[in-house]
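Reader: I have a chain open on my screen and I'd like to go through the labels people put on it. Can you take me through them, with the reasoning behind each?

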Amino acid sequence: MFAAGAARKEYAALAPLRPDLELPATVESRIEKTPGIMRAYEVEGPVNARSHVALEAEVSDGRGGTVGRYRLRPETGKTHQLRLHMAGLGVPILGDPLYPEPREVVDGDFSDPLRLLARRLAFTDPVDGTEREYVSARALTIPGSDGSRVRIARARQQKPNS
């Protein structure tokens with residue numbers, strides 16, 4: 001189902017705001033990943049990765065500033081696709097240790113996790129044809145100025161018009 005594009009996936013991400021970035025946008029590229037190497041790369045060639053990116057809201061960063069809460073819908077499923085596409089737009093996902101540039105992370109240090117949340121998965125059951133939908137109850141968090149965690153409320157889910 002995933003390889004055939006039959007699963008509909010939606011993610012939420014926290015990332016910087018760019019006032020000059022026109023959203024919503026569809027990002028297309030060719031992504032290749034070498035086994036044994038952590039990072040994937042965008043290269044020249046036919047498109048094999050497509051993501052839809054929209055800004056849902058501007059939210060507090062817990063330190064007196066704001067960040068964007070983005071809705072990400074990948075049409076394809078290449079390794080690190082959303083992370084690469086967001087970094088390519090100039091709004092890398094907060095806490096990303098690999099993109100746009102690798103940064104050192106101490107094993108076991110979860111103080112600055114990747115702010116990417118698998119929010120929704122929907123598909124038609126290939127066995128009985130039933131529509132299935134799974135929605136995460138989790139929310140993204142960001143460190144507060146006092147070291148606490150600020151919970152970023154998610155947008156209300158609306159059923160798409162069929």
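Author: Sure. Pro24 sits in the loop between strand 1 (8-15) and strand 2. Keep in mind that this is a predicted model.

Reader: What kind of peptide bond joins Leu23 and Pro24?

Author: A cis one, with omega at about 5°. There is also a cis peptide bond between Tyr99 and Pro100, where omega is about 10°. Pro100 belongs to the loop between helix 1 (81-88) and strand 6.

Reader: How many helices and strands does the protein chain have, and in what order do the elements run?

Author: The count is 1 helix and 9 strands. Starting at the N terminus, the order is β-β-β-β-β-α-β-β-β-β.

Reader: On to single residues. Why is Ser29 called buried?

Author: Its relative accessible area is 10%, and buried means under 20%, so Ser29 gets the label. Ser29 lies in strand 2, residues 25-33.

Reader: Which side chains make polar contacts with the side chain of Ser29?

Author: Glu42 is one, at 2.7 Å, and His85 is another, at 2.9 Å. The cut-off for such a pair of N or O atoms is within 3.5 Å, so 2.7 Å for Ser29 and Glu42 fits, and so does 2.9 Å for Ser29 and His85.

Reader: What else does Ser29 touch, leaving out residues up to four places away in sequence?

Author: Besides Glu42 and His85, the list has Val47, Asn48 and Ala49. Touching here means heavy atoms within 4.5 Å.

Reader: What makes Thr130 partly exposed?

Author: Thr130 has a relative accessible area of 32%. Buried would need under 20% and exposed over 50%, so 32% puts Thr130 in between. You'll find Thr130 in the loop between strand 6 (116-124) and strand 7 (131-135).

Reader: Which residues are around Thr130?

Author: The side chains of Thr130 and Asp128 share a polar contact of 2.9 Å. Not counting residues up to four places away in sequence, Thr130 touches Phe123, Thr124 and Asp125.

Reader: And Arg73: why is that one partly exposed?

Author: By the reasoning used for Thr130: Arg73 comes out at 34%, and partly exposed covers what lies between under 20% and over 50%, so the label applies to Arg73. Arg73 is in strand 5, residues 66-74.

Reader: Where is Ser51 relative to Arg73?

Author: They are 22 residues apart along the chain, yet their C-alpha atoms are separated by 5.7 Å. Ser51 is also among the residues Arg73 touches, along with Lys9, Glu10, Arg50 and His52, not counting residues up to four places away in sequence.

Reader: What is notable about phi of His80?

Author: Phi is near 65°, a positive value in a residue other than glycine. His80 is in the loop between strand 5 and helix 1.

Reader: What about the second largest pocket: what volume does it have, and how does its lining break down by class?

Author: The volume is about 170 Å³. The lining has 5 nonpolar, 2 polar and 4 charged residues. Among them are Arg103, Glu104, Phe110 and Leu114.

Reader: Last one: what share of the protein chain counts as buried?

Author: Of its 162 residues, 35%. The accessible surface comes to about 10000 Å², and 51% of that belongs to carbon and sulfur atoms.

Key:
Residues numbered from 1 in each chain as written. Predicted model: local features only at pLDDT ≥ 70, side-chain atom pairs only at ≥ 80, totals over all residues. Heavy atoms only, no water. Helix = DSSP H or I, 4+ residues; strand = E, 2+ residues; numbered from the N terminus. Buried < 20%, exposed > 50% of the residue type's maximum accessible area, 1.4 Å probe, protein only. Polar contact = N/O pair within 3.5 Å; in protein donor to acceptor, adjacent residues only side chain to side chain. Areas by Shrake-Rupley, 256 points an atom, 1.4 Å probe, with all protein chains shown as cover. 1 Å grid on protein atoms, 1.4 Å probe; cavity = no way out; pocket = protein on both sides within 12 Å on 5 of 7 lines; lining within 4 Å. Points joined across faces, edges and corners; volume = space filled by probe spheres on them. Nonpolar A, V, L, I, M, F, W, Y, C, P; charged D, E, K, R; others polar.
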